[in-house]
Amino acid sequence: FQGYRYNIDKVSNYDAVITPPYDVISDEERARLAAGSPANLVHALLPQANDTEDKYAAARTVINQWIQDGTLQQEDKPAYFLLRQQFTDLEGQHQTRCGFFAAIKLPEEGEHYVLGHERTFQGPVDDRIKLTEATEANLGAVFCLYNDHTQALKNFMGQMDTRDPDGIAHTIDGVTQEFWIVEDDPSVNEFFQGQTLYIADGHHRFQTACAYRDAQRIANPDAGTRPYDYALMGFVAFDDPGLKIYPPHRVVELPGDFDADAFMESLAKWFTIEAIEDGLTDQVETAPGECVMGIVLPGKPDHLLTLKEGDRVPFLGDDRGPSWRDLDVAVLHRGIIANIMGIPEETKHSYEKSLEGALAAGNRGDSIAFILRATKASQICACAEAGEPMPQKSTYFFPKLPSGVVIHRLR
């Protein structure tokens, strides 16, 4: 597609304008990014109202201004945008992950080649629809995963090794983002015919794109195929060595009448319980059970829980399918938090991607921490294919795909 991207002659450097996705930018980070450059994408991605405009109108103004003054320039011809991300993972190891940006035709009713695994909420979608209406653009990409067992895209992706990148940005999440603009390659489109894509991150962005497309079709019934029939996506292969899926550990605030001894006794009906003096996280990772997790409870030793295998229906119910019941987070949310602790299943809890943070929370006296294993890629696919949304925050992908490498306009 003919994307819009930053003109390096107009911005000091790409570091100053390219950002992580909007939904992982804190208020403090937003302020820092905005202060760093008047052209930082955050001015449109997370706009703020001013004296004369609401936040959506302010985003429209800034996007139009950037295009008019040449800060954003459209590519002369359709292109793909290759991306290489260099980062330090949560274990402190250097990693490289490769992918690319392209525009994908949004599925029509009855088509199911883009599958998600998370439940979406109307509030975030309504916000992003208003922003899309104002800017007429996909400012950020949906992050999706695909299978390439035969390395069919090896030569296409290998173009990153043949020359220097067209741009480099160091984003505030500590990731080095290198990108290349490459010519259209028919083999890419051919490869994806009949493929299933699995959303890793950006479920709300995908739903927003579909809702915006539908609204535009109603408003313009004779328009034919338009840019809004497509959405900006970032593609990463399941077998990319830099694709890391991390567990978002849970921190649950203890009820005022919580009885730790009674809780452990109730757990014993469903789990084999082992006290762990040291190395709980290693035990969670290496234990052989199908469903294993650790708990850190104030005033108690750390414990390793291994679910007693067999039929999970008595513990979790039969209102959800086997792909959902196979998830450790489902066992935690439905079985432990709801059924044993009596906390409603829809209650929001804290999520800790940091092991240190989760362990500290479990030892501070007012909360219990559950140390989880990462959800497997095969489980993501199984839930997506079965139409079984996972509990919120069942996966944590790092790094996210950057916003601002390329923008897909919808007009």
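Visitor: In E16, which residue is the bridge partner of Gly294?

Guide: The model is predicted. Gly294 belongs to strand E15 (residues 292–296), which pairs with E16 in the antiparallel sense over 4 bridges. Within E16, the bridge partner of Gly294 is Leu304.

Visitor: Which residue stands opposite Leu304 on the side of strand E14 (residues 271–276)?

Guide: Strand E14 runs antiparallel to strand E16 (residues 302–307), and 6 bridges join the two. In this pairing the residue that stands opposite Leu304 is Glu274.

Visitor: In the hairpin of E15 and E16, which residue takes a positive phi?

Guide: The hairpin has 5 residues between the strands. A positive phi near 80° is found there at Gly299.

Visitor: What are the edge strands of the open sheet of 8 strands?

Guide: The order of this sheet is E5-E10-E7-E11-E4-E3-E9-E8, and its pairing is mixed. An edge strand here pairs on one side only, and this holds for strand E5 (114–115) and strand E8 (167–170). The edge strands are therefore E5 and E8.

Visitor: Which residue of E10 does Val114 stand opposite?

Guide: E5 and strand E10 (residues 197–201) pair over 2 bridges, in the parallel sense. Opposite Val114, in E10, stands Leu197.

Visitor: At what angle does helix H7 run to E10?

Guide: Helix H7 (residues 203–219) lies across strand E4 (94–105), E5, strand E7 (142–146), E10 and strand E11 (230–237). Each of these strands appears in the order of the open sheet. Relative to E10, H7 runs at about 115°.

Visitor: How many helices and strands are there in the chain, and why is the chain described as being as compact as a globular protein of that length?

Guide: The chain has 14 helices and 20 strands. For 411 residues the globule rule gives 22 Å, and the chain is as compact as a globular protein of that length because its radius of gyration is close to this figure, at 23 Å.

Visitor: What share of the residues in the chain is buried?

Guide: The C-alpha atoms fill a box of roughly 65 × 50 × 45 Å along the principal axes. A residue counts as buried under 20% relative accessible area. Of the 411 residues, the buried share is 53%.

Visitor: What part of the accessible surface belongs to carbon and sulfur atoms?

Guide: The accessible surface of the chain comes to about 18800 Å². The part that belongs to carbon and sulfur atoms is 46%.

Visitor: Of the contacts with a separation of 6 or more, what share comes from residues 24 or more positions apart?

Guide: Contacts here are those in the chain with a separation of 6 or more. Residues 24 or more positions apart account for 76%.

Technical notes. Residues are numbered from 1 along each chain as its sequence is written. This is a predicted model: local features need pLDDT of at least 70, side-chain atom pairs count only at pLDDT 80 or more; totals for chains, interfaces and linings use all residues. Side-chain values use heavy atoms; hydrogens and water are left out. Contact means heavy atoms within 4.5 Å. Axes are lines fitted to C-alpha atoms, for helices over the stretch in contact, and angles run from 0 to 180 degrees between N-to-C directions. The radius of gyration is taken over C-alpha atoms; the globule rule is 2.2 Å times the number of residues to the power 0.38. Buried means under 20% relative accessible area, exposed over 50%, partly exposed in between (1.4 Å probe, protein chains only). Accessible areas come from the Shrake-Rupley method with a 1.4 Å probe; for residues, only the protein chains shown count as cover.
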